[in-house]
Amino acid sequence: MQELNSADREYLLNTIRNIPDFPKPGIEFKDITTLLNNKKAFKFLLDHLEARYKPYNLDFIAGIDSRGFIFGAPLADRLGIGFVPIRKQGKLPYTTIGEKYALEYGFDEIEVHIDAFKCQKASADVLLIDDLIATGGTAKAAANLVNQAGANCVEACFLINLTFLEGDKELKEKTTVYSVLEIN
Ligand code: AMP
């Protein structure tokens with residue numbers, strides 16, 4: 001399974017901008033727009049993900065609303081497979097399956113179309129993708145949704161894992177987890 005060496009990880013990490021106290025005091029926001037507008041870095045990341053996931057023979061990539069779409073859709077195109085958006089509640093127009101997850105205050109909900117992972121096989125092999133895993137609540141709900149929609153979540157992939165929050169701990173009980181970059 002392909003992973004980046006430390007020099008390549010350092011290179012990508014340095015293309016991501018840190019914004020202190022956004023969106024609220026105490027949070028250091030990982031601003032990936034500086035990776036996206038750097039054509040060399042964006043291509044480098046997609047080349048890496050393509051090389052890693054080509055041997056997986058996936059059927060779909062499911063991207064989490066909304067930054068998971070930015071990486072998931074071009075990767076699906078490179079792998080020659082379909083892309084499925086997992087969206088915030090109320091955005092998808094056809095029949096959906098939903099999954100609620102806890103926030104600091106209250107709940108949020110994500111949804112997927114009921115027939116999103118239909119393919120020739122009984123159960124589609126799906127890679128879940130998002131830009132960042134923090135507490136892991138969103139990703140866990142998304143992995144549950146993939147399974148509820150009748151597909152198999154082969155792996156969950158993140159550009160960044162804020163490892164000090166241990167958000168991947170429970171997710172690892174459901175699927176394997178790969179993070180391109182880990183921030184301690
Ligand atoms: P969580 O459910 O706590 O794992 O939060 C993950 C989602 O929140 C991802 O979709 C991220 O885009 C976003 N997110 C959480 N924390 C940060 C952060 N420090 N910097 C940038 N995005 C974040």
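**The ligand site and the backbone of a predicted model**

Good morning. I begin with one contact: an oxygen atom of the ligand lies 3.5 Å from a backbone N or O atom of G137. Taken alone, the ligand exposes 490 Å², and the protein buries 81% of that area. Please keep in mind that this is a predicted model.

Two further contacts deserve mention. A polar backbone atom of G136 is 2.8 Å from an oxygen atom of the ligand. R67 contributes through its side chain, where an N or O atom is 3.2 Å from an oxygen atom of the ligand.

Let me turn to the surroundings of the ligand. The shell consists of 14 residues, and the closest are D131, A134, T135, G136 and T138. Which elements supply at least two residues each to this shell? They are β2, at 28-31, β7, at 125-133, and α5, at 137-148. Of the shell, β7 gives the largest share, with four residues. By class, five residues of the shell are nonpolar, four are polar and five are charged. As for the pocket, the space that the ligand takes is the largest one.

I now move to the chain as a whole. The protein chain has six helices and nine strands. Its C-alpha atoms fill a box of roughly 40 × 40 × 30 Å along the principal axes. The radius of gyration of the protein chain is 16 Å, and this agrees with a compact globule, because a globule of 184 residues would have a value near 16 Å.

Finally, some details of the backbone. I take the loop between β1, at 17-20, and β2 first. P23 lies in that loop, and the peptide bond that joins F22 to P23 is cis, with omega about 0°. D21 lies in the loop between β1 and β2 as well. Phi of D21 is near 60°, which is a positive value in a residue other than glycine.

Where does S66 lie? S66 is in the loop between β3, at 60-64, and α4, at 67-79. The peptide bond from D65 to S66 is cis, with omega near -5°. The helix α4 spans 67-79, and R67 is the residue whose side chain has an N or O atom 3.2 Å from a ligand oxygen.

The last residue on my list is E166, found in the loop between β8, at 152-162, and α6, at 168-171. Phi of E166 is near 55°, again a positive value in a residue other than glycine.

Thank you for your attention.

Terms used. Residues are numbered from 1 along each chain as its sequence is written. This is a predicted model: local features need pLDDT of at least 70, side-chain atom pairs count only at pLDDT 80 or more; totals for chains, interfaces and linings use all residues. Side-chain values use heavy atoms; hydrogens and water are left out. A residue is near a molecule or strand if one of its heavy atoms lies within 4 Å of it. A polar contact is a pair of N or O atoms within 3.5 Å; within protein, one must be able to donate a hydrogen and the other to accept it, and residues adjacent in sequence count only if both atoms are side-chain atoms. Accessible areas come from the Shrake-Rupley method with a 1.4 Å probe; for residues, only the protein chains shown count as cover. On a 1 Å grid over the protein atoms alone, a cavity is a set of points where a 1.4 Å probe fits but cannot get out, and a pocket is an open set with protein on both sides within 12 Å along at least five of seven lines; lining residues have an atom within 4 Å of a point. A molecule sits in a cavity or pocket if more than half of its atoms lie within 2 Å of its grid points. Ala, Val, Leu, Ile, Met, Phe, Trp, Tyr, Cys and Pro count as nonpolar, Asp, Glu, Lys and Arg as charged, and the others, Gly among them, as polar. The radius of gyration is taken over C-alpha atoms; the globule rule is 2.2 Å times the number of residues to the power 0.38.
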